[in-house]
Amino acid sequence: MLKSRAFSDGIYVTQPLLPDLAEFQDKLAEIWASKRLTNMGDQHELLEEQLKERLSVPYLVLFNNGTSALLAALQALDLTGEVITTPFTFAATPHALALRQIKPVFCDIDEQTLTLDPEQIEQLITPRTTAILGVHVYGTPCDVIRIQEIADRHGLKVIYDGAHAFQSAINGQAIGNFGDVTMFSFHATKLFHTVEGGALAFRDPALLSRIKQLRNFGIVHEELVAEVGFNGKLNEIQAAMGLLVLDKLDLERERRAYIRKLYEEFLKNVPGITIVENIGASMLSQQYFVIRIHPDEFGASRDDVYCVLKDHNVHARKYFYPLCSNFPCYAHLPSAAPQRLPVANKVAEQVLSLPFYGDLRVDQVSEICEIIIRSGRDCGAT
Ligand SMILES: *Cc1c(COP(=O)(O)O)cnc(C)c1O
């Protein structure tokens, strides 16, 4: 059977923010003239300064990607043993722990915020626990107050994966000011990007030299390598990209806010579909637009909707299915058992990230929503 193709060019979940090519060429000319391509050059230093300001954090260190930034954070905080984290995240979160020989201990999520459920954290703490690693998933802030209380009570560090939370805030306070360290990812699929890139934000000045040292092979100076570090450096060309993307960011956020409103208008009264809100965020990161599909009420499952959209050349994403706790590399852990993570396992079957970027047109949003609504009716009728 020939399937209708509403969109001749595929529509994807996101589209990277691209600066004007001519502006990028000017930047390249600057870099050529400097004869400096990496190792904390002018573009790098300027971007670090501007991001520190943009994210309203006291300290910020750039990295070549979010995963290496997270690895450096775990090492800089001397974490070992076990770290409590969420299964409802991208692979990089538990992988960073495992790569540091730390055992991820999965904790269920809150049904509404989809972030770590503070009620469930304490029972997972053992003498080997050294930290809590929360994820501000889709830009929804973790319950930072209660997580900090628990951490203080048990002498644990707190790290946040803020890969989705660029410029998110809680009661007007910028998201990078909670916990010991917050990681940001600047991958091309993220709202702000440097093609590949990342950063750590933190408040403790004592961490600054250690984190910078880890980023550069553990080198202290020309004749002293103090510890086992790695190459986590962002190069000049990517830093230049970041500087230009930063100029485009406010407009992109406005456009995404408008697209979000449109989606909400079309989908808010559809039985069996709920829109994932960034509960507790005083400012939205505008990273994703996510719905939850409740098949009994809607008449079709998330997977049905995903497939129908795909038949129309619309490529939504099931972020975050499968759960990290169900990956073959973690499924054997006692904390990964599905019966211990009922909310996360349920939610992972419901969520769908819809195409969300500033250049998405009104007619495209409306057509995507029509396809979704029709898929519920068609499947429900059979
Ligand atoms: C993108 C992402 C990362 C990893 O970032 P990279 O820059 O690709 O290494 C980590 N955690 C989450 C939740 C992400 O979405």
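**Exercise 1. Polar contacts of the ligand**

Find how far an N or O atom in the side chain of Lys190 lies from an oxygen atom of the ligand.

*Solution.* Step 1: start at Lys190. An N or O atom in its side chain is 3.2 Å from an oxygen atom of the ligand. This is a predicted model.

Step 2: check the cover. Taken alone, the ligand exposes 380 Å². The protein buries 93% of that area.

Step 3: go to Thr67. An N or O atom of the Thr67 side chain is 2.6 Å from a ligand oxygen.

Step 4: turn to a nitrogen atom of the ligand. A polar side-chain atom of Asp161 lies 2.7 Å from that nitrogen.

**Exercise 2. The shell around the ligand**

State which residues come nearest to the ligand, and describe the shell by class.

*Solution.* Step 1: take the 15 residues around the ligand. Gly66, Thr67, Asp161, Ser185 and Lys190 come nearest.

Step 2: sort the shell by class. There are four nonpolar, nine polar and two charged residues.

Step 3: place the ligand. The ligand sits in the largest pocket. Helix H3 (66–76), helix H4 (92–99) and strand E9 (181–185) each give two or more residues to the shell around the ligand.

**Exercise 3. Two pockets**

Give the volume and lining of the largest pocket, then of the second largest.

*Solution.* Step 1: the largest pocket has a volume of about 550 Å³. Its lining holds 30 residues, and Phe90, Ala91, Lys190, Tyr319 and Phe320 are the closest to its centre. H3, H4 and E9 are the elements that give two or more residues to this lining.

Step 2: class the lining of the largest pocket. The count is 14 nonpolar, eleven polar and five charged residues.

Step 3: the second largest pocket holds about 210 Å³ of space. Its lining includes Gln15, Pro16, Lys248, Arg255 and Tyr357. By class, that lining has five nonpolar, two polar and four charged residues.

**Exercise 4. Backbone features**

Locate the cis peptide bond of Tyr319 and Phe320, that of Tyr321 and Pro322, and the positive phi of Met40.

*Solution.* Step 1: Tyr319 and Phe320 are joined by a cis peptide bond, with omega about 5°. Phe320 is in the loop between strand E15 (314–315) and helix H11 (342–348).

Step 2: the bond from Tyr321 to Pro322 is also cis, with omega near -5°. Pro322 lies in the loop between E15 and H11.

Step 3: Met40 is not a glycine, yet its phi is positive, about 55°. Met40 lies in the loop between helix H1 (21–34) and helix H2 (42–54).

Conventions
Residues numbered from 1 in each chain as written. Predicted model: local features only at pLDDT ≥ 70, side-chain atom pairs only at ≥ 80, totals over all residues. Heavy atoms only, no water. Near = heavy atom within 4 Å. Polar contact = N/O pair within 3.5 Å; in protein donor to acceptor, adjacent residues only side chain to side chain. Areas by Shrake-Rupley, 256 points an atom, 1.4 Å probe, with all protein chains shown as cover. 1 Å grid on protein atoms, 1.4 Å probe; cavity = no way out; pocket = protein on both sides within 12 Å on 5 of 7 lines; lining within 4 Å. Sits in = over half its atoms within 2 Å of the grid points. Helix = DSSP H or I, 4+ residues; strand = E, 2+ residues; numbered from the N terminus. Nonpolar A, V, L, I, M, F, W, Y, C, P; charged D, E, K, R; others polar. Points joined across faces, edges and corners; volume = space filled by probe spheres on them.
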